[in-house]
Structures are given as structure tokens and as C-alpha cells.
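User: I should like to learn how to read the strands, the interface and a single residue in a protein model. Please take each feature in turn.
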Amino acid sequence: MKKLGQILFTAASALAAFSIVGAQTPPATQEPSAPSSPTEISVAIRGEVGAPPHYAVPDFIALTSDKETAEAAKLIAEVLWADLSFEREYDMIPRDTYKTIDQLNTTETIAFDRWRELGADGVVKGSVRKTGNTFQVEMRLFNVRARSVALGRMYDNVSLRNPRAVAHTISDEIHQTQSGLRGVARTKLTFISDRDNERVVDTVETRTGKEVYVADYDGANQMRVTSNRRLNVTPSWSPDSRTIAYSSYTRIHPQIILSNVYQGTRETLTDEKSSAFMPVFSPDGSRIAFMSQRDGNPEIYVMNRDGSGVRRLTNHSSADSTPTWSPAGTQIAFTSDRSGSPQIWVMDADGLNVRRITFGESWADRATWSPAPFNQIAYSARSGPGFDIRIYDVAAGTTATITDGVGTNESPAFSPTGRHIAFSSSRSGKVQIFTMARDGKNLRQVTRSGNNTFPNWSR
Amino acid sequence: MNLRSLICICAVLLIGAAGCRRSQPPVARPTPPAPPPTATTRAPEPPEPMREPMPPEPLPSDEVAARSLDDLNRDSPLRPVFFEYDSSDVNDTSRTTLQANAAVLKKYPSWVITIEGHCDERGTAEYNLALGERRAVAARQYLISLGIDANRLRTVSYGSEFPFDPAHQESAWSRNRRAHFVITSK
């Protein structure tokens, strides 16, 4: 009886703190949110002093008794657990250790004492209800020590086909409200894959087409974007993450194409008697830097987003390639072999003030500038027979190696928060896309089928 | 009788040799008794650099011209040139090959070709796209210097995306560092 009273009391306080947000699942990308308000910080779940809080995510409760709902309830919890562990802000308690702890068939409260015994500081409990052709998902984050609800949300119109999306949304909300951190659970990767094993058209050589793909940041929902059965290379996202620029060999010379992936439309930006590679959007999205040999030698150019106003930035008899913009768009780092070997160089966005930044490397390529507030440049550097990913700190002038010499590791691409890097690696045999934290930890394999190269992370 | 037929054979061979202006006899033909080499058969030949080479298959010109583009490219009279690691320099061997290719292009002046630049897998994928471009351009420049119209020569880089030999060893890498010639129209 004492216990029941306690539960009722907790339920009442939980209801008071609980705010229902009747919102659709937000679009895949959002502008970075404003810093947390003091109210939210005051309810932030804390762990032991000097340790991250421990979180648990038991299976969500299926409120309708069909198989689809039961599967979604389990999947959402699994995905949310993985999303929360990705940022390493919380110590995630393995899900199989609390299968029997909380049998209360409600999201209004939890068995606080049992969770406290397990060492949990935060518990995410949720429910899934099928309503017509959609799910309604409810979530509450409980502060176990304070015996209160730290966050409550209701999501209507959740797609039956992709319940993972709502898990990503919940993860981002928890990171935002509890840690003032922009999560990347709703971001996507684009890359090139030969998995379809389709023969390239218009050549007598036996060549396998390589197509543009997208996937969720965790490798789920891998989807083919192009179907031209040619070679496509060097895809990169626009700052609004709605467009992918890439080079496609649909004519004799590869041209730069914009694929508006949420509309299914495409625009060809270059129509030249020469090749154009490695398109990268400026941070404000208004311009695209790229490499072309239209003047007889590989050089860096910049053009407007619609393909107009092409301007040449480099002018050297060596090969200048692979541009990347600084976070403010005022500088461009690129690869040049003007010193005798491929090295990373930096210039102002108008092509002036060219200077070299890598000196200790025998081969350095594919610079990628981190987003603010980090001011770092990741690149791929020769390391024994293969390559490793290194991060150069522009302000400090220091360099750190974040891959471990296993296989060859190439084509680094920062996550939009700068906390993670996607790259291609031959460590598991074929070339696959991996992600890891900027300190080299938390390695995760994103692709498993065919060879996958040229990763780029949405903003 | 015997003498007369020998003279006939000699005459036919001489005319044939002069007509084709080949430096070596075709491989596949039956070999009748060789005529005694004489100074007069060699002397009228043009000086070295512009000597027309023998195409790989000793086909009459009309037969080459009659083949489809796909057939031509499958068994191309234009031979690839190979490069050193991380280099786009055209070396002596490559020059000889390019001279032979230039001769073929002069023989078939309507042909337009695409020069593909390829790299081995050891470099980074992005830099290889630039390096392949430079290899294709280097081959093109040399062909232009041999008198081939620049408008007939397009270049494209495939970087290390389409290796000819997928093995992970030097024997494959040396085959994959190349400028590869594709006849795109004739």
C-alpha cells in the first residue's frame, strides 16, 4: 500500500512536469537549436560526481496488440539506445541487463527503486500505439535520483515504415535538453557504391557502375540515388542537406550534377568539353568549388550554385584538386603536388595567399575542414603501405592520427557537429564506410555490401 | 621455269613490302623462301621517326575501317601507354607506342578518340582523379606534337576507379597506371 501511494504521488508529479507536444516527426535536418534554457539545465540528469549519467532504455510499451506495433516498440528502444551511445555523453546500460526490471505497463511512472539499484540515473520509457496508418509514440525521460520526469514528448503521425526516425528525433531532443548538444541522429551519409554490380554502358571494357547512395548516419535505410549505370564520384551535401552535388560520367567528360534528393530532380551544372570533379558547397550554399582541367591542367574553380560565374582560383602547372571550404567560407584548403608530392595547401577564397600546411607527410590528400567551433582539417596521409586519417589543428599547428594503421583509411568527412568523422577503409576486406569519434574511438561500420567510397556527411 | 617463278615471288614480295612500307613482315603470313636482302629495298624508306608502324593485326585497311567501334575497341590498333608510380611523364617506351598510335590516327583521319587516364590503387582516390587527368593530358600533348589534330583527342580521368587488373600487387599496378585509348567515332 505504501508502494502504491508512492507510485500515485510520482505519477501526479510526473503528469505536472509532462508536456504533450503534438508534433509530426521533424524533417531530417534542422537548424542547430538555441542553447538550453536555465529551466532545462536545472532538470538535467546527473550521475556520480565526475562520471557521466547512466541511462537505460527498456523496450517501449506496445499499446496496440498487433505484430507491427510490438516490433516498432522494440526497434525504437534499440535505435534510441544506439543513438544515445553514439555521442558518448551518457553511459548506456546494456539493454539485456534490465529485461525484467520494470513490468509496469505504463509510461506514467517507473519502478524508481529497482532502476536505482541497477545504477540508472536516467530511464527513457515510451509507448507505441497504432492509430490507422500511423503510430502515435509517447516518450518520457525519468530522472531516477530526483524521482521526476525530465522530459516528455508525444509524436503523432509516425511512419509505420520507418519507426527508426522517431527514435532519432527522441535522441536529438534528449541530447539537446540534457546536454545542450546538437545530436546527429537525424543526419545522413552519402557515398559511392558498386554493390549493384551493373555493367557500365557504352564501354567494351568490363566495368562495374558506381552509383550515389544515401543512408542514415548509422547505416540504416541505405538507398540508391542515381541509376545511370556509369561511374559517379565525389558526392557532397549542400548546407541545407537537401541536395547532393557529385560528378557523373554520363557524358564523355564527368560533369557536376545536383541531385535534389527529396524532390527526385537533378540539375547538370557544367556542360563543357572538359571534366569537372569534387564539387563542394560553400558554407552559405551560394557557391560550389570544384576541380576541372578545362584550361589544360587540374585546377580549382568556383562557380555560383546555378553553374554561372565560373572563376579560376589556382594557377599552377602541378595538379590542384579536392577543395574544402573553411567554416566561414573565407578560405579553401586543397591538395597540390606543386612541392613534388601531394600535400595540403590553403588559400583565401579568392585564390590569393597560398600556403602549405602539411610538411611531415609523403602523401596527403582529401582535406576536409571541420565545422565551427573546431578549426581543424582532417586529411588522409600515407602511412606505411596504406593511409591513415589525421587531424590538423589550424590554430595550434598540431597533428593527431586517429586511425590505427589497419587497412587503408581515406576520404575523411566531418559530421555537422565536428565530433565525428566518416571515412572509407579496407580494414574489413572490401572498402567500406566507417564512422568514428574525432578522438579515434567508437568505430562503427556503416556499409557491408560491395565496395563503398567517398563518404560525405549531411549538415 | 623455276627461275621465272622465283623472280615472280620476289617481285610480289617487293611490291608488297613497298606498298605497306612496313619495317617488319607480318607475322601471320606463310613464309616463302626469303629474297636475298638488297640495299635497294631498304634505301628508299623514309627517315626514322615517321616510319609507319605495323598495326597489331595485319588487316587490310578496309577491313579495319569496316569494323564496328566496339570491335575496334575490343581489339584496338591503339595501344595503351604505361606510367611510373605517381608520375605522368611520357618515357621513351611510351613515346614509341604513341608514335605508333599517331601513325594509326593519321591513317584513319576521321577517327576521334578519348584518352582515358588510369591509376593504380595505391594512391588516394581523389588525388588519383587528378593524376589520371594529367596522364591523359600528357599522352594527348605528345600526340598533338606528332601532328594529330587536337580536336580529335579528348581526355578523361578514371583515377583508380576502373583497374584493368584487380590484383593487389605490382604486376597489376603497373598495368593499371596507363593512358588507354578508346575510339569514340570514326
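User: Let us begin with pairing: in S20(A), which residue is the bridge partner of Ser321(A)?

Analyst: First, some conventions: the model is predicted, with local features needing pLDDT of at least 70 and side-chain atom pairs counting only at pLDDT 80 or more, while totals for chains, interfaces and linings use all residues. Residues are numbered from 1 along each chain as its sequence is written, chains are lettered from A and ligands numbered from 1 in the order in which they are written, and side-chain values use heavy atoms, with hydrogens and water left out. Helices (H or I, at least four residues) and strands (E, at least two) are DSSP runs numbered from the N terminus, and two strands pair if DSSP finds at least two bridges between them. Here, Ser321(A) has Thr335(A) as its bridge partner in S20(A). Strand S19 (residues 320-325) of chain A and strand S20 (residues 331-336) of chain A are antiparallel, joined over four bridges. The two form a hairpin with five residues between them, and Gly329(A) in the turn has a positive phi of about 80 degrees.

User: Is S19(A) enclosed or open to its surroundings?

Analyst: Burial is read from relative accessible area: buried means under 20%, exposed over 50%, and partly exposed in between (1.4 Å probe, protein chains only). Six of the six residues of S19(A) are buried, so this strand is largely enclosed by the rest of the structure.

User: What is the strand order in the open sheet of four strands in chain A?

Analyst: The order is S15-S16-S17-S18, with antiparallel pairing. Strand S15 (276-281) and strand S18 (311-312) of chain A are the edges, each pairing on one side only. Strand S16 (residues 287-292) and strand S17 (residues 299-304) of chain A share six bridges, and Arg287(A) has Asn304(A) as its bridge partner in S17(A).

User: How is a single residue such as Thr177(A) read, and why does it count as buried?

Analyst: Thr177(A) belongs to helix H5 (residues 164-179) of chain A. Its relative accessibility is 9%, and therefore Thr177(A) counts as buried. A polar atom of the Thr177(A) side chain lies 2.8 Å from the backbone oxygen of Glu173(A).

User: What area is buried between chain B and chain A?

Analyst: The size of an interface is often given as the accessible area lost when the parts come together. The loss (1.4 Å probe) is summed over both parts. Between chain B and chain A it is about 2800 Å², with carbon and sulfur atoms giving 59%. In chain B, Glu126(B), Tyr127(B) and Phe162(B) lose the most area to chain A, together 25% of what that side buries. Counted by contact (heavy atoms within 4.5 Å), 30 residues of chain B meet 38 residues of chain A.

User: How many salt bridges are there between chain B and chain A?

Analyst: A salt bridge is a side-chain nitrogen of Lys or Arg within 4 Å of a carboxyl oxygen of Asp or Glu. There are three between these chains; one of them joins Lys210(A) and Glu161(B) at 2.9 Å, N to O. Several elements of chain B each supply at least two residues of the side that touches chain A, including helix H4 (69-74) and helix H6 (125-145). H6(B) gives the largest share, nine residues.

User: How is chain B itself built along the sequence?

Analyst: Chain B has seven helices and four strands, in the pattern α-α-α-α-β-α-β-α-β-α-β. Of its 186 residues, 43% count as buried.

Notes:
Buried area = accessible area lost by both parts, 1.4 Å probe. Polar contact = N/O pair within 3.5 Å; in protein donor to acceptor, adjacent residues only side chain to side chain.
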